[in-house]
Amino acid sequence: MKHILLLFLSFFTLLSCSRQNSGKVLRVENQASDKQRLEAELKAFNSALRVEPDNKRALLLRSQVKYKLKDYQGTIVDCLKMISISFDSTSQDDYDAVWNIGVTYNSMKEFEKARQYFKRAKGIRPNDIRLHENIGYGYLQENKLDSALVEFESMRRIKGKSEKAYYGIGRANLGKGNFNEAILAFDKAIEIKPDYALAYQNRGAAKIELQDMDGACKDWHKCLELGVTQLQPYLKQFCK
């Protein structure tokens, strides 16, 4: 069953806590329209910043537009400039600049650099569970599973009813081959969020490793009900 486990460990990889949320796929024409809108916004911010180059709010907003356009280096440059102008740990904009740099480095798969900024943000807001989540998923992608568990357990301690914390604990245990522990964690995630498709999907992967085919198929059928159509070939292969 090893190939099944590897499939689920690589399926739906996340950069940021927000990337687990499912959504409708945009039509090509809508994507083009969005890009044109973002490029128009970028042009407007460029014009404003030529007049007032140290406007931190404009830099932050431009960095967000650049991120959406996948100009990751440009995003980092704008946020670093914000921080270099001045830094106030009580300012939401300054905190967002540090956060954005971490998220951007995660998107670039430069996880160690991302952690430097997430840890800086932790020093300001240690109970922001999104920081632990993003660091944890970076460790998952690097297969540093024990380190990932530390972050997800911290999330759980900060917010006991966090489905994302239990999902992360399950993912790390699944990767470590601790299938029973993974199932217990996914159980908790589903208890908190009954329509958590990824938790059903990965719980099914853990169950199949324990030869619980009926349980795995039940979870995967639930995934299909929740819109995870990519599982159909595996349902046909393993679930009669």
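**Figure 1. Salt bridges, an overview: the structure holds 19 of them.** A pair counts as a salt bridge when a side-chain nitrogen of Lys or Arg sits within 4 Å of a carboxyl oxygen of Asp or Glu. Some of these links join up: Glu 112, Arg 115, Glu 142 and Lys 144 form a network of salt bridges. Keep in mind that this is a predicted model, in which local features need pLDDT of at least 70 and side-chain atom pairs count only at pLDDT 80 or more, while totals for chains, interfaces and linings use all residues. Residues are numbered from 1 along each chain as its sequence is written, and side-chain values use heavy atoms, with hydrogens and water left out.

**Figure 2. Arg 57 and Asp 93 pair up in a salt bridge.** Their closest N and O atoms are 2.7 Å apart. Arg 57 belongs to helix 3 (residues 56-68) and Asp 93 to helix 5 (residues 92-107), so this pair ties together parts that are 36 residues apart in sequence. Helices here are DSSP runs (H or I, at least four residues), as strands are (E, at least two), and both are numbered from the N terminus. How covered are the two partners? Arg 57 is partly exposed, at 43% relative accessible area, and Asp 93 is partly exposed too, at 22%. For these labels, buried means under 20% relative accessible area, exposed means over 50%, and partly exposed is in between (1.4 Å probe, protein chains only).

**Figure 3. Another salt bridge joins Asp 146 to Lys 176.** Here the closest N and O atoms come to 2.6 Å. The pair links distant parts of the chain, with Asp 146 in helix 8 (residues 145-158) and Lys 176 in helix 9 (residues 163-176), 30 residues apart. Asp 146 counts as exposed, with 51% relative accessibility, whereas Lys 176 is partly exposed at 36%.

**Figure 4. Glu 225 and Lys 222 meet in a salt bridge inside one helix.** The N to O distance is 3.8 Å. Both residues lie in helix 12 (residues 213-225), and they are three residues apart, about one turn of the helix. Glu 225 is exposed at 63% relative accessibility, while Lys 222 is partly exposed at 29%.

**Figure 5. One disulfide, between Cys 217 and Cys 239.** A disulfide is a covalent bond between the sulfur atoms of two cysteines. The cut-off used for a disulfide is a pair of cysteine sulfur atoms within 2.5 Å, and in this pair the sulfur atoms are 2.0 Å apart. The pair links distant parts of the chain: Cys 217 is in helix 12, and Cys 239 is in the segment after helix 13 (232-238), 22 residues away. With -95 degrees about the S-S bond, the link is left-handed. Cys 217 and Cys 239 are both buried. Two other cysteines are worth finding: Cys 79 is buried at 0% relative accessible area, and so is Cys 223, also at 0%.

**Figure 6. Phe 152 and the largest nonpolar core.** Such a core is a set of buried Ala, Val, Leu, Ile, Met, Phe, Trp, Tyr and Cys residues joined through side-chain atoms within 4.5 Å. Which of its 60 residues touch the most other members? They are Phe 118, Leu 140, Phe 152, Tyr 167, Ala 199 and Trp 220. Leaving aside neighbours within four places in sequence, Phe 152 is in contact (heavy atoms within 4.5 Å) with Glu 133, Gly 136, Tyr 137, Leu 140, Ala 165, Gly 168 and Ile 169. One of these partners, Tyr 137, is found in helix 7 (residues 129-141) and counts as buried, at 2% relative accessibility. Tyr 137 and Asn 106 are 31 residues apart in sequence, with 9.0 Å between their C-alpha atoms.

**Figure 7. Where the model is confident, and where it isn't.** The score here is pLDDT, the predictor's confidence in each residue, from 0 to 100. The protein chain averages 88, and 87% of its residues reach 70 or more. Confidence is highest in helix 10 (residues 179-192), at a mean of 98, and lowest in helix 1 (residues 2-10), at 46. Over residues 2-27, pLDDT stays under 50. Where pLDDT is low, the predicted coordinates should not be read in detail.

**Figure 8. The chain as a whole: 13 helices and zero strands.** Of the 240 residues, 47% count as buried. Among contacts with a separation of 6 or more, 53% come from residues 24 or more positions apart.
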